[in-house]
Amino acid sequence: MFGQIAHRYDVMNRLMTAGQDTRWRKLLVDKANLRPGGRLLDIATGTGDIAFEALHRHPNLRQVVGADFTLPMMHVGRHRAAANGQATRLSWSGADTLHLPFPDNTFDAVASGFLMRNVVSVPQALADQTRVLKPGGRLLILEIPRPEDTLWGAMFRLYFHNVVPLLGGIISGQHDAYSYLPASADAFLRPEELKFQMEQAGLRNVSYQMLMLNTVALHWGTK
Ligand SMILES: C[S@@+](CC[C@H](N)C(=O)[O-])C[C@H]1O[C@@H](n2cnc3c(N)ncnc32)[C@H](O)[C@@H]1O
């Protein structure tokens with residue numbers, strides 16, 4: 001599914017969020033506490049937006065890996081990077097977040113954007129992401145939680161279930177992929193539940209910030 005929308009993925013993100021998604025990724029990079037010489041894994045990197053933002057903000061990082069199991073998404077990112085002269089700075093890796101191909105205690109930060117709704121097991125994904133994180137390192141999750149049961153939540157659902165698939169169908173030709181998006185958010189955890197799961201995975205000082213009128217959440221915690 002992600003392979004089919006790869007060519008229109010970035011433009012749809014900008015449209016659906018009125019350009020706010022780039023701001024959320026900047027905030028995520030702020031919360032990552034990266035230092036010169038540090039290593040970052042952007043898991044489910046897609047077209048590499050989080051990884052590129054980190055490289056832009058922290059040019060002295062030792063290693064930034066963008067990993068995903070949908071190669072066409074990374075191909076789009078790689079071509080864009082080549083066009084912007086950024087091609088050599090990011091290491092791309094084919095990887096499944098449930099079985100990461102990295103040794104224990106490798107990264108100073110492990111970040112994901114809009115991944116966790118998609119995984120078959122949140123505890124398993126958290127366990128493996130935590131495994132590759134160094135002690136003291138940060139895990140960060142940007143995601144669309146299950147909408148709240150309020151009037152605002154109902155209005156957001158209306159937009160999400162009707163406007164987004166229509167727009168996605170027109171822009172990418174893949175109506176189904178953009179119907180899956182709101183359905184997967186409905187089936188996902190609430191922010192407090194995700195915080196609990198992160199604590200269960202052994203992370204400490206877990207916290208989160210709600211964005212875009214409580215429709216998007218940024219969680220972080222320390223190993
Ligand atoms: C909505 S895109 C997010 C891309 C990017 N992180 C962003 O912020 O725009 C979700 C990505 O998660 C990837 N993905 C889903 N399940 C995965 C898994 N188990 N392991 C690795 N990547 C996965 C998909 O291939 C897709 O590229």
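In the predicted model, helix α7 comprises 22 residues, from 151 to 172, and extends 30 Å between its first and last C-alpha atoms, a span close to the 32 Å expected at 1.5 Å a residue. The helix nevertheless carries a kink of about 30° at valine 163, which is placed shortly before proline 165. This proline is buried, as are Phe156, Phe160 and Gly168 of α7. As a general matter, an α-helix has 3.6 residues a turn, so residues three or four places apart point the same way. The cover over the buried residues of α7 includes helix α2, residues 9-16, together with helix α8, residues 175-186. Just after α7, the chain passes through glycine 173, which adopts a positive phi of about 75°.

Not every position of α7 is enclosed in this way: methionine 155, which also lies in α7, is exposed, because 12 other C-beta atoms are found within 10 Å and a residue with 12 or fewer is counted as exposed. The C-alpha atom of methionine 155 is separated by 22 Å from that of leucine 142, although these two residues are 13 residues apart along the chain.

A further feature of the model is the packing of two other helices. Helix α6, residues 122-131, packs with helix α9, residues 191-200, at an angle of about 50°, the two axes being 9 Å apart. This angle makes α6 oblique to α9, and the crossing of the two helices is right-handed. At the meeting of these helices, α6 contributes Val122, Pro123 and Leu126, whereas α9 contributes Gln197, Met198 and Gln200.

Positive phi values also occur in residues other than glycine. Asparagine 33, in the loop that joins α3 (21-31) to β1 (39-43), has a phi near 55°. This asparagine counts as partly exposed, because 15 C-beta neighbours lie inside 10 Å, a number between the limit of 12 or fewer for exposed residues and that of 20 or more for buried ones. On the other side of β1, alanine 44 is located in the loop leading from that strand to α4 (49-57), and its phi, near 65°, is likewise positive in a residue other than glycine. In contrast to asparagine 33, which is partly exposed, alanine 44 counts as buried, since 24 C-beta neighbours lie inside 10 Å.

Technical notes. Residues numbered from 1 in each chain as written. Predicted model: local features only at pLDDT ≥ 70, side-chain atom pairs only at ≥ 80, totals over all residues. Helix = DSSP H or I, 4+ residues; strand = E, 2+ residues; numbered from the N terminus. Expected span 1.5 Å × (residues − 1). Bend = angle between axes of the 7 residues up to and from the residue. Contact = placed C-beta atoms within 7 Å. Axes fitted to C-alpha atoms, helices over the stretch in contact; angles between N-to-C directions. Parallel < 35°, antiparallel > 145°, perpendicular 65-115°, else oblique. Left-handed = near helix turned anticlockwise from the far one by under 90°.
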